[in-house]
Amino acid sequence: MRSRARVLTLLAGLLALGLVPLVAALTQQPFYLDLFRRIMIFAIAAVSLDLILGFGGMVSFGHAAYLGIGAYAVAIPAFYGIHSGLVQWPLAMVLSGLAALAIGAVSLRTSGVSFIMITLAFAQMLYYLGISINAWGADDGMRLARRSQFGGVLDLTNGYVFYYVVFGLLLTLLWLGNRLVHARFGVVIRAARSNEPRMRAIGFSTFRYKLAAFGIAGAIGGLAGALLTNQTEYLTPSYMHWTRSGEIMVMVILGGIGTLYGPVLGAVAFLLLEDVLSAWTVHWQVVLGPLLVLVVLYARRGLWGLLPEARRADG
Amino acid sequence: MPTAEPLLAVRGLIKRFGGLVATDGIDLDVAEGETLAVIGPNGAGKTTLIGQLSGDLPPDAGSIRFAGVDVTALPAPARSQRGLARSFQITSIFREFTALDNVALAVQAHAGHSFRFWTPAFTERALREPARATLERVGLGARADVVAGTLAHGEQRQLEIAMALATRPRLLLLDEPVAGMGADESQRMVRLLRELRGRHTIVLVEHDMDVVWALADRIAVMVYGRVIACGTPEAIRANAEVRRAYLGEEVPA
Amino acid sequence: MNWLLVVEQCLNGLQFGVMLFLMAAGLTLVFGIMNLVNLAHGSLYMVGAYLATAAVTRTGSFLAAVVFALLGTLAIGMLMEVLALRTLYERDHLDQVLATFGLILFFNEAVAIVWGRAALFTAVPSALSGHIQVLPGIRYPAYRAVIIVVGLLVALLLYVVVTRTRLGMLIRAGASNRTMVGALGVNIRLLYTVVFGFGAALAALGGLMAGPIYTVLPGMGEEILIQVFVVIVIGGIGSIRGALAGAVVVGMVDTLGRAFLRPMLSTVIGPSAADNAGPALASMLIYILMAAVLYFRPQGLFPALRG
Amino acid sequence: MTLRLEAVEAAYGLSQVLFGITLEVPAGRVVTLLGRNGMGKTTTVRAVMGLVPIQAGRVHFGGRPLHGLPSYIVARAGLGLVPEGRQVFPNLTVRENLVATAANRRGAAEPWTVERVFELFPHLAARARSLGGTLSGGEQQMLAIGRALMTNPALLILDEATEGLAPLVRSEIWACLERLKQSGLSILLIDKHVGAVTRLGDHHYVLEKGRVVWDGTSAELRTRVDVQHRYLGV
């Protein structure tokens, strides 16, 4: 059962996100448009990570890899003159999904700390691959000549249009995710996290479901990467650096793992906090760091878990 | 021994952990419909035996035939699909799901693949109704919507049985079903198991001898990874070797 | 291929491996015994480097800097354990990752506040600035040679402590059965704090020796941290022996890979392709190695329980 | 020094296991806890040692309150535990197992040494350099007893010290306990072997579902066939 406080928070939050462009236009602060678009892109990445991390209990420490693959899947075609988003974006999702399936097929045979480290290892391999390919910018990365094109229907160079595209994708993801985690597939993933030996004893071959979830999460992570290069109009291998994986993971945990809206809240909180603190002092991290520690020590279910009347972890 | 092949036939089952031989060449036959109790002191290898029967532990040697098929190499999910269900010594449930959800999952496991991404599983009548019926059967009907982790210990043990039953098993492996229960709770569990007896084939590992005497058609006694005696309750009671080895008493000859 | 170069690169690999070992020893004890994933271990390495650099500039004495950095980091490590990490032992790895990630942010920024964001450079102490003759015809920087010697001495010392002393016995006993150690009258909390501080001091030793070779700057701990995780996963979590073996293997593979993979590849696939693939493959090597080890031997090369 | 439990209650999570245990181990005596599996004997011991939180009731040793204290302080007060399943350190050698946690905190005049333990268990001397995990069950049991003795306890607590052992090894353990008793050590013992227990023990408590349902001397227990049958399954 979702509590009233949560529904209200959710609706208010989504409404606020929807109204950001209006506020930005009225106050003539296009900066907000940019900031919140970035926040939503990371929210998409965080939600995709939480599908495996929170719902599936698979502590993947290499999620930035899919972000990177998605980014390259936009930038490389663009480098060779293919600017159509209808090519780039599906390519981003397919490639990162396939990479996730391959990585998952190896990693899911291990568990615990080994799993954390092996997913990290694969992401680091891709990172070093990225920084050593000179043709595609090596560690300097490359500029995106222009944002993805959608045949004149959607013009992403218009910041407002791009904003609502990202907003729409986030809403779609939350809606589809909500169906998925409650459908048979999602129930299997969640139950396998809760008690894997029991799942096997009642007859589920959990591996194939976990692997599928891994692939889905990778594909969505790839989409977030495609959006991110369009956002920054730049690509660097640092999208795949392990600290980036750590940041996405922090957003998920900060917001509340095992929920769909928690990671969104976590992305908003993390990036807003970064923004606010950095405006206040250049040494904002010296405040943010201990804050994270306090969240772990005292708000064990994340920010979403702090909302009142929370009775059960729900979508 | 009846001419028909037993439902479960175990031959020469060996499992080693380092230098320790947990099961040391076990032979067992369980006929369709009978209840076999496995008893023995702590560390005799009973739980290791259950683990090998359910498919969680690969044996080092020996074979397990179930319903006429060699299942020695099959993993646990595949054995469950063939009708072999187990309960765990330490309660093993999905704590954050409701009792009904727990059982519905067991039904779902045997209702085709679960690559279904759209319809909410917890409102599917095809899963809920058999699950509810099974809960009623074990006496948890009134507790269907309670979060499993908050059920009383005895109720969680009943839920374990319900999950095993919901897979429509041919053979139930029960690992100490009354472990850690109070007097009332264990009486309720024995009543439940007595109802299942005869309708299902049961292999029961149990310490509580009251439960064993109440349920078993036959008893196998394990010591040091071997079955030292197997027979009717009367024969086991009268067996001096069993008393010496298991009950540890210097029995007057 | 020039064999002088091979020997020199092997020594470089050993030197890098020894640095990795100093970090890995503390991390593997904390990871294996207290079951704590401490991402902030790299921060202790950084703190050690900064404290030493600051002390050298203030006093001019490298020896004083060594003592100051070791004691300072030991204190900071123990404080960190008592204030934040102690409560995380029973939590799952996720919580530990988040909290220690927060500590990384804190430490990186804290050193930036005190010493600024720009990289600091320290000179190699003058007594060690020359070269020594290691083999006929092979001269090797004295400072790097000292690092190798110090690292191997520390490894020996650790081996003696872990295998021959009461403290070492308690550490090993605690790794296998913490409850029982407590039930026999040992204050395991205090033991853990001491072990943690000890590990912090080793990380600082690595950091302060790294100072004159690499640059000292905020965030310097993160690059090496991940390599150190690779080391202990390859070696087997919780095992000092494994940490040493893993460190030398990773140090060698990484250094030799960077030095020789490109020339070797160019004889196979031609120079231009090798120019592209060589560096990429070289920097991926240790991760490929780790993935392979984990896949075939999930417990690492030297699982801790066998001693 | 007398160990005294008053109305001790304890639980694992939601399921309560002890419902008010009251018992006493007078100095120099051997007291046993009897009962079938799952009746709360081990939990009683764990509660005394501070390994299970006590929800109600009190534990005193030599007049000093021990309830609510961490296990290492309980041990330092003079309680030596030989736990269920032995739990020797598998990755330490026999000698290391003995030395690692050894202490003489209460200043015993003739403290236990490795040599004295080897004297008590000659079997162990031959295996001094073997890892604990490679020992046989009986050797591990002897090692666990030796390890507890090396903390120079005033009270030795043994949980199922003869379980799953061959009869010969079992009688060796019983003989050793007899010698320890002669030396004046108090012993709290959990065991199922009524015959041996009534020979060694002075007083016995029978537990059933977390309560003491009967207690008495060895002579009384021998005559009470009904108690033996009803609660011990003999």
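Is B:Tyr224 buried, partly exposed or exposed, and what is its relative accessible area? In this predicted model, B:Tyr224 is partly exposed, with a relative accessible area of 46%. The residue sits in the loop that links strand 9 (218–223) to strand 10 (226–231) of chain B. Its phi is positive, about 50°, although B:Tyr224 is not a glycine. A positive phi also occurs at D:Arg86, again a residue other than glycine, where the value is near 70°. D:Arg86 belongs to the loop between strand 6 (79–82) and helix 3 (94–100) of chain D. With a relative accessibility of 16%, D:Arg86 counts as buried.

Two further loop residues of chain B were examined. B:Gly55 is found between helix 1 (46–54) and strand 4 (61–66) of chain B. B:Gly55 is buried, at 14% relative accessible area. Leaving out residues up to four places away in sequence, B:Gly55 touches B:Leu74, B:Pro75, B:Ala76 and B:Arg79. The C-alpha atom of B:Gly55 lies 15 Å from that of B:Val203, a residue 148 places away along the chain. B:Glu124 lies in another loop, the one between helix 3 (99–109) and helix 4 (125–138) of chain B. B:Glu124 is buried, with a relative accessible area of 14%. Its contacts, not counting residues up to four places away in sequence, are A:Arg184, B:Arg116 and B:Thr119.

Attention then turned to the nonpolar interior. In soluble globular proteins, nonpolar side chains tend to be buried together. The largest nonpolar core of the model holds 295 residues. Within this core, B:Leu159, C:Leu39, D:Leu3 and D:Leu79 touch the most other members. Helix 2 (residues 30–55) of chain A makes the biggest contribution, with 17 residues. A second core, separate from the largest, has 45 residues, among them D:Val114, D:Leu165, D:Leu177 and D:Val197. The surroundings of D:Leu79 were listed without its neighbours within four places in sequence. D:Leu79 is in contact with D:Leu3, D:Val48, D:Met49, D:Phe61 and D:Leu66, among others. The list also includes D:Val74, D:Pro153, D:Leu155 and D:Ile157.

Helix 10 (residues 225–232) of chain D has a buried side and an exposed side. The buried residues are D:Val227, D:Gln228, D:Tyr231 and D:Leu232. They line one face of the helix, because they fall within an arc of 100° when seen down the axis of helix 10 of chain D. An α-helix has 3.6 residues a turn, so residues three or four places apart point the same way. On the other side of helix 10 of chain D, D:Val225 and D:His229 are exposed. The buried residues pack against several elements of chain D. These are strand 3 (30–34), helix 8 (194–200), strand 9 (203–208), strand 10 (211–217) and helix 9 (218–223).

A search of the whole structure finds five cavities of 30 Å³ or more. The largest has a volume of about 70 Å³. Its lining includes A:Leu51, A:Phe55, A:Leu180, A:Val181 and A:Phe185. A:Gly186, A:Ile189, A:Arg190, A:Ala213 and A:Ile216 also line the largest cavity. Helix 2, helix 6 (159–182), helix 7 (184–194) and helix 9 (206–232) of chain A each give two or more residues to this lining. Helix 7 of chain A supplies the largest share, four residues. By class, the lining of the largest cavity has eight nonpolar residues, one polar and one charged.

The second largest cavity has a volume of about 60 Å³. Chain A contributes A:Arg200 and A:Ala201 to its lining. From chain B come B:Ser54, B:Asp56, B:Ala76, B:Arg79, B:Ser80, B:Leu84 and B:Arg86. At least two lining residues each are supplied by helix 8 (196–201) of chain A and by helix 2 (76–81) and strand 6 (84–86) of chain B. The largest share, three residues, comes from helix 2 of chain B. The lining of the second largest cavity divides into three nonpolar, two polar and four charged residues.

Some chain pairs do not touch. Chain B and chain C have no contact, and their closest C-alpha atoms lie 12 Å apart. Chain A and chain D likewise have no contact, with their closest C-alpha atoms 18 Å apart.

Note on methods
Residues are numbered from 1 along each chain as its sequence is written. Chains are lettered from A and ligands numbered from 1 in the order in which they are written. This is a predicted model: local features need pLDDT of at least 70, side-chain atom pairs count only at pLDDT 80 or more; totals for chains, interfaces and linings use all residues. Side-chain values use heavy atoms; hydrogens and water are left out. A nonpolar core is a set of buried Ala, Val, Leu, Ile, Met, Phe, Trp, Tyr and Cys residues joined through side-chain atoms within 4.5 Å. Buried means under 20% relative accessible area, exposed over 50%, partly exposed in between (1.4 Å probe, protein chains only). Contact means heavy atoms within 4.5 Å. The arc is that of the directions from the helix axis to the C-beta atoms. On a 1 Å grid over the protein atoms alone, a cavity is a set of points where a 1.4 Å probe fits but cannot get out, and a pocket is an open set with protein on both sides within 12 Å along at least five of seven lines; lining residues have an atom within 4 Å of a point. Grid points are joined across faces, edges and corners, and a volume is the space filled by probe spheres set on the points. Ala, Val, Leu, Ile, Met, Phe, Trp, Tyr, Cys and Pro count as nonpolar, Asp, Glu, Lys and Arg as charged, and the others, Gly among them, as polar.
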